[in-house]
Structures are given as C-alpha cells and as structure tokens.
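Here is a short tour for a reader new to this structure. Keep the sequence and the 3D view open while reading.

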Amino acid sequence: MPNEIFHTSVSAPIENLAFEQLLTKSLSYLDPSAEALMRKAYIFASRMHQDQKRKSGEPFILHPIAVAEILTEFKLDETSLASALLHDTVEDTEATLEMIQQEFGEQVAMIVDGLTKLGRMSFHSKQENMAENFRKMFLAMAKDIRVVLVKLADRTHNMRTIKGMPPEKQLAICQETIDIYAPLAGRLGIHKLKAELEDLSLKELNPEIYTSLIEKIHQKKSEREKIIHSAQDFIIHNLKKQGINAEVQGRAKHFYSIYNKMYLRKKEFTDIYDLFALRVIVKDIPACYEVLGFVHSLFKPVPGRFKDYIAMPKANLYQSLHTTVIAGQGELLEIQIRTNSMHIIAEHGIAAHWLYKESIKNVFSSETERTTLPKPHQGEIQVTQKFQWFQEMVQNQSKISDPNEFLENLKIDLFDDVIYVLSPKGDIYELQRGASSLDFAFAIHSELGLHTLGAKVNGRIVPLKKEIKTGDVVEIMTSPSVRARTDWLNITQTSKAKSKIRNYLRSLTKEETPIEETILEEETKKSLLPPKILPTGKAIPTRTTADILVQGLNHVLIRFAKCCQPLHGEPIVGYISQGKGVIIHGQFCPLGPKGDRAIACSWPSAESTFFNVYLKMTVYDRPGILADMTKTISHMKINIVRAEVQTDSGGLATILACLAVKSSHQFIEVQHKLENMEGVVEVKRIGKIE
C-alpha cells in the first residue's frame, strides 16, 4: 500500500462527520495521543472500502465507524478502536494482514486476523465452515480478549441494521446470534450487549410475540413505574435516616428475558413480577450486607429468593446480593445490592478491564477530570483475573474435529444459566443448570469422572443422573474397575463431560466395546456370584387384553409385544400380525409399527387389572438394602412377582424384579421412591427377566 494513502484527504462529508463524532467520544476518555492511530486507521479503511456499499445502500465505511462507536460505550482503548475500523479490510478488500501489521503493529494485526473469516478455504459443508471460523475466533480470543469485544460490537451493529438483508439471511443471522453471540456476551458479563442482541433477535424470529410483549408492557407501564418509584423513595428515605449513603436505581427487564419466562417456562404475563427491579449501590461489601439486613426489616423477604453472588461470584465476574421482597401493596419486588466496582463489572463485564487502566477517566467523574477508578475492596473480584471457564473451553474445543459436535458443545459452554456447587473441601465449581453429579466429577478431573462409581450429595447417596443444585456439597466415589459407559452421555449436561466420555469410548477397540450391554454391565457379569432368589408372592396374570380398544375392529385377538411391555396409561399402538391378531406396542417403541401399518389403540378408562413390569436396580451392596426395597414396595400395596439379586466384588449389587402394578403412574411413583432410598444408584425399567 503506498504511503501517500495516509496523506490524501477523503472527500466524503457524511463519513467524515461520523468519524469526527467517534473521535470526540473516544478522546473524552482516551489520551490525546490516541488520535493519530485512529485517524490513520480511518483513512486506510476508507480507501480500502471506497465505492463499497452495504445492502442498505449506505457507504460501507459507516459500518466499521459504528462498530468502533459501540466500543467507546465500554471505554475501550485505541488499539480496539483502530481494529474495529479495520476489521473488514482483510476479508472484504485487497488489504492483507502483512499491510495491517506493517502500518498498525502486531496487536492490531492479530485482532483483525482473529475477526477475519476463512472464506478462501474449501470446506465440505456449511457446518464445517461455521465451526472452523468459530474455532479460529476463539483461539484468537485466548490470546487477546479484545477480539471478541470487537466481534460482539460488529454483530450488534449488524443486528441493528439487519433489515437490509434478504429474509432468509436475516433468520439465519438471528438464530446464530441467539445461539452463540448473545450467550457469549452473557458469559463475558457484558449484559448490555447480551440484552440488545436477544431483543433484536426475538424481534425478527418472533415478530408477533415481540409486538405482543411491547403492548402488554406498555399497558402495565404506569402501574409498574408507580410501584418502583414508591419503593425507591421509601428505601432512600429510610437509608438516609440510618446514615447509609447509597444510590438507588430502577431497572427494566428486557423483552427476551420476559419471553423466556412466558413461553419457555409456561408462565402467564401476569405471573411475571420482576419486570422491574431496584439496584442499591453502596461503598463497600460490609455496607452491602448492612443494607440487605435493613431492606429485610423494611419489607418481608420471599423465602428461597435470596442469592449471594458476592460470596459465590459468577464465572463472568458478576457480584451482587439478590433478594425478592413483598412491597407495600403485596407486589413482589427484586432488589440487587452491590458496590460501585461491582456495578461497573456487572454492566461491562470483561470490558471493564479498560476502565481500570491508568490515564482513563472515571466514568462517574466530570469530563475534565482524569483519574483511575477506585481499586476493588477486599472480597471484590479483580477485573484482570483469568476466566478459567474460557481457557478450559478453548482447550476442550480445540480437540474436537467433528463440526456438528463442536457447535453443539460450543452452545452448551456458552449457556449462562449456571449453578454453583461445592466439594467436601469447600472448593466452588460452576456448572450448567441441570448438571448431574457425574458432570461434577468430570469438572474436577477427567480421570475422576471416567471412574465414577457413585456420588453423595449433602451426605446422602444419590443416583448419578440426579440433578444437583446451587449450594449442594457433592462427594464423588470412584473405583478402578468402573469405566465410562455409553449411557453416561444421556445423563451428562456439560460439554466437558460429554467430550471426555466420547473420546474415551472412541479409544476403545471393537473387542472392548460391548454391542448390546454397557461396559460396566459387561464387567459386572464376569464377576457375578450365583444368583440369590427372593421368595415371591402369587403369580399375577401378565395382563388382560379384553378391554383394549382397537380402532375399527371388534372381537379381535390381542397380544402384547414382549419388547416394550406397555403399562396402563402409556400411549399404545397396534398392528395386525397374520395368525396372531393385533400386537400391541408402546407408541414410542423402536420395534413398533410405523406409517400405514399402525392401528390406533387405547386403554379402558378404569385401571381394572394388574400388569407385570420389570425393573433393574443398581445399588451399593450394604446390609438391609433388600429389606428396605421390599418394605418400600409393600407399603404401596404392590406385589413382587419375582426378584433376583446379583452381586460383584466391586461393592455393587443388581436387583432384577418383576412387580405387579395397576398403571404407568403407579410404576413411576414406586420408581421415584426406590431411587430416593439410601444406597440406590439407579432404577430403570427393562424387558423381561430371563
């Protein structure tokens, strides 16, 4: 690129005006020396994008200017702003990375490279292309987090101006935004961008719902504002009386958050009470807890709605106290209490790092005052500390070659609805909501997870698939003889656990991989003692078929398939078998009839007979476990037709039982009770006992 490009004036008044506005905003907090780099980047980008237009018809250069302007809201440095101005040059013009590095330095070139798609490479599928581009970006993020900050600003401006794109392209961009970029902004703590990206996506993906929400919120706006202002004035007045200096702010819930509760959690709009909330900002951590106690003396707190993110911060550095109270007229009101430093991090997330640098203005000070923000108090998160979850994510994702698996795991990792659980030593681990104790084992260490025998939650043995919750203390028990099983993929939620299990199973040879049984079951079979037969009650007829209703047929012979053993109340379907009448399967049985062969069938309304159902219990071989099982079953007035106990030298036992139950509901109830017995690892329904 000839050097004279930087000395040539650009005769484009609209673009120049937009850049000068950007420069004014950036120099309100940056050192004046930043102007030279930014102006040089603007001139270079203008020349490279000359004559290029966006889909909307406006000059292309207005897009990178707008991206840089978004970054000024987070007080990012001049390197970030210059990279934003240049971020599309290598991908969309004749500019090369060598040019960028020569003219703007290694840091700017690295950020631009991380933002440049692999468009010139050949891929077998769109999924592979997408996966490799994300992989490239995340690897660049691991070196410099400014890569993703520029990318999020880029995506935000693209979403603001998405109407210029073709309809099908709009939907694809919005779906990608809701799946990847909005969760990523949340994981980085940049909630302002997360909320905007979610709302803009919802507006395009579900315009009717979006419009409906606007109307409903507008109808309740004056009523809600009255409640908020009343509570705000009441708290401020009483805090002043106590000599507590605090700032109290109102906060509105964004549309996508309301949509989640209404349409994903099946709540009515009238049932959502936290459309607005209050924030109380104080000087230090002791003041946070002092205000919390005082607020609870003013309002009645709602049980189970208190969260302490100061003692247990989120992985995105978020810290705050959350409580829900009952306001004056019985309304539920959420109140958040935090320090000034916590508030900045809550608003800006990882981007708040640049607010703590030397020579940057305090965002709460006058425009002429240049100072650093107050250092965090003891107990407050340091903004510059590493994001452990992010480092682990990059490490895990770099080992996945399948593009579909990569994208699936990426979405899991970016899911920001999390829980915090503790080890017996008091170490805190963050996991996705819905995670099991097996996920916890893999979070501690891969080898621990691969050899997990069982788990205790709050001192009580639980099935490995049981969901754990915030505050649980989880202890993992292991055995060298235990190995990961294929069915573990169904009871794990985290990408790390799933990846480690898949990698382990792939490492096995065909001879080591059982076809019909899990690895653990195969090992158990090798060491079984002679079965112990439990005395049983009277045999119960398998089932009565006379009352089964078969669509369009009367007085027909009916048989039940042995593969699925459907129970009263479960959906059933039939098919005509020559010489055997109608064979009844469970509706979701993989061996059941499909398409035109299927005949609609239904149960009689009354539970007039008994059905044999077979179950398999995996338990710890402790004294009294069998007696406890029979006691639990007999208390429900269920007959045990047959039972066998198989033990092994590893401390586990397997109980195979046939129960006579009246319906699927009764079986689910007894299964739940058995699962909650001490020492029970798993209870599952199986086919007939041979």
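## Buried cysteines

Cys288 has a relative accessible area of 0%, so it is buried. The model shown here is predicted. Cys658 is buried as well, with a relative accessible area of 2%. The cut-off for that label is under 20%.

How many disulfides are there? The count comes to zero. A pair of cysteine sulfur atoms would have to lie within 2.5 Å to be counted.

## Two nonpolar cores

In soluble globular proteins, nonpolar side chains tend to be buried together. Here the largest nonpolar core has 62 residues. Leu86, Ile100 and Leu152 have the most contacts inside it. Which helix gives this core its largest share? Helix α2, residues 34-48, does, with eight residues.

Take Leu152 and set aside its neighbours within four places in sequence. Leu152 then touches Tyr181, Ala185, Leu188, Ile190, Leu193 and Leu197. A second core, separate from the largest one, has 35 residues. Among them are Phe611, Ile633, Ala657 and Val680.

## Thr156 in helix α9

Helix α9 spans residues 146-160 and includes Thr156. Is Thr156 buried or exposed? Its relative accessibility is 0%, so Thr156 counts as buried. Leaving out neighbours within four places in sequence, Thr156 is in contact with Ile70, Leu193, Glu196, Leu197 and Leu200.

## An enclosed helix

Helix α15 covers residues 340-348. Seven of its nine residues are buried, so the helix is largely enclosed by the rest of the structure. The buried ones are Ser341, Met342, His343, Ile344, Ile345, Ala346 and His348. Gly349 comes just after α15. This glycine takes a positive phi of about 60°.

## A three-stranded sheet

Strands of a sheet pair through backbone hydrogen bonds, either parallel or antiparallel. One open sheet in this model has three strands in the order β10-β9-β11. The pairing is antiparallel. Strands β10 (460-462) and β11 (474-478) stand at the edges. Each has a single partner strand, so one side of each is left without a neighbour in the sheet. On average, neighbouring strands of this sheet are turned by 35° against each other, direction ignored.

Strand β9, residues 452-457, is joined to β11 by five bridges. Gly454 has Met477 in β11 as its bridge partner. Helix α18, residues 437-444, packs on the sheet and touches β9 and β11. The direction of α18 makes about 80° with that of β11.

## Aromatic pairs

A pair of aromatic rings is described by the distance of the centres and the angle of the planes. The structure holds five such pairs. One of them joins Phe44 and Phe104. Their ring centres are 5.5 Å apart and their planes stand at 85°, so this pair is edge-to-face. Phe44 lies in helix α2 and Phe104 in helix α6 (residues 97-104), so the pair ties together parts that are 60 residues apart in sequence. Both Phe44 and Phe104 are buried.

Tyr429 and Phe440 form another pair. Here the ring centres are 5.3 Å apart and the planes are at 80°, so this pair is edge-to-face too. Tyr429 sits in strand β8 (residues 428-432) and Phe440 in helix α18, eleven residues apart. Phe440 has a relative accessible area of 0%, so it is buried.

Technical notes
Residues numbered from 1 in each chain as written. Predicted model: local features only at pLDDT ≥ 70, side-chain atom pairs only at ≥ 80, totals over all residues. Heavy atoms only, no water. Buried < 20%, exposed > 50% of the residue type's maximum accessible area, 1.4 Å probe, protein only. Helix = DSSP H or I, 4+ residues; strand = E, 2+ residues; numbered from the N terminus. Pairing = 2+ DSSP bridges. Axes fitted to C-alpha atoms, helices over the stretch in contact; angles between N-to-C directions. Contact = heavy atoms within 4.5 Å. Core = buried A, V, L, I, M, F, W, Y, C linked by side-chain atoms within 4.5 Å. Phe/Tyr/Trp six-rings, centres within 6.5 Å; stacked < 30°, edge-to-face > 60°.
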